[in-house]
Amino acid sequence: MSPQSGPNPLILLDRALEQCASIISGIGADQAHLPTPCHDWDVATLLHHLVVQDLHNFTVAARGENVDWQASRTVVGADWSHRFRDSAAVLKRTWAAADLNRLIALPGGGEAPLRSRASQQIAEFTVHAWDLTQATGQRVQLDTALAEHSLLWSQRMLRPEFRGRDKTFGIEVPVPEDAPIYDRLAGWFGRDPQWARAKR
């Protein structure tokens, strides 16, 4: 399937943002320092990552520009729900104005259509939505289509050299092939699907 004929990833990105926004709106101030499945990150740290870093960096990426992933940003503050929704709206508008088929340079050489950056963003928000539900004990029905898309994309993109101690991603946690899709997604991204039970 050519980039020009592929499905519009922005539909799933909108759903990923809405799912994440709904979960974030259910997090109380008293839960800020709860641990999460993300190694060494509590809820407040993960919210900072999503609200301050991801939404800014992903908006830059949606414009087809290069992102400085190490740049420091302001702290998230206590009004994380409104800040997430406001910044998500900016990201959506940026994507809506973008040419999804515009070719952009890849870090390792070569080119890819801009639409490919949307799948990274879908996966990021989908995995971290699961992290937050586990950390805060929210009982919500997570969108399986988002997890299926995220797993399929990341299995093509997440190479072994990206995993390990002091790397971006942890070592894959083996999960049965017939396990629920979010268990498989969590395991692929180095999380223990049974994390919540082990912590409580």
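In this predicted model, a good place to begin is with charge: the chain carries 21 positive and 23 negative charges, and the mean positions of the two sets lie 1 Å apart. The accessible surface on which a reader might next focus amounts to about 10,900 Å², and carbon and sulfur atoms account for 52% of that area.

Turning to the fold, seven helices and two strands are found in the chain. Their order along the sequence is α-α-α-β-β-α-α-α-α. The chain has a radius of gyration of 16 Å, close to the 16 Å expected from the globule rule for 200 residues, so it is as compact as a globular protein of that length. The C-alpha trace extends over about 45 × 40 × 30 Å along its principal axes.

The interior can be described in similar terms. Of the 200 residues in the chain, 48% are buried. When contacts between residues at least 6 apart in sequence are considered, 68% of them join residues at least 24 apart.

Finally, a word on confidence helps in reading the model. The chain has a mean pLDDT of 89, with 90% of its residues at 70 or more. Helix α1 (residues 10-25) has the highest confidence, with a mean of 98, whereas the lowest belongs to helix α7 (residues 195-199), with a mean of 64. Over residues 1-5, pLDDT stays under 50, and the model has six contacts beyond four places in sequence for this stretch. Where pLDDT is low, predicted coordinates should not be read in detail.

Note on methods: Residues are numbered from 1 along each chain as its sequence is written. This is a predicted model: local features need pLDDT of at least 70, side-chain atom pairs count only at pLDDT 80 or more; totals for chains, interfaces and linings use all residues. Side-chain values use heavy atoms; hydrogens and water are left out. Helices (H or I, at least four residues) and strands (E, at least two) are DSSP runs, numbered from the N terminus. The radius of gyration is taken over C-alpha atoms; the globule rule is 2.2 Å times the number of residues to the power 0.38. Buried means under 20% relative accessible area, exposed over 50%, partly exposed in between (1.4 Å probe, protein chains only). Contact means heavy atoms within 4.5 Å. Accessible areas come from the Shrake-Rupley method with a 1.4 Å probe; for residues, only the protein chains shown count as cover. Lys and Arg count as positive and Asp and Glu as negative; His and the chain ends are not counted. The place of a charge is taken as NZ of Lys, CZ of Arg, CG of Asp or CD of Glu. pLDDT is the predictor's confidence in each residue, from 0 to 100.
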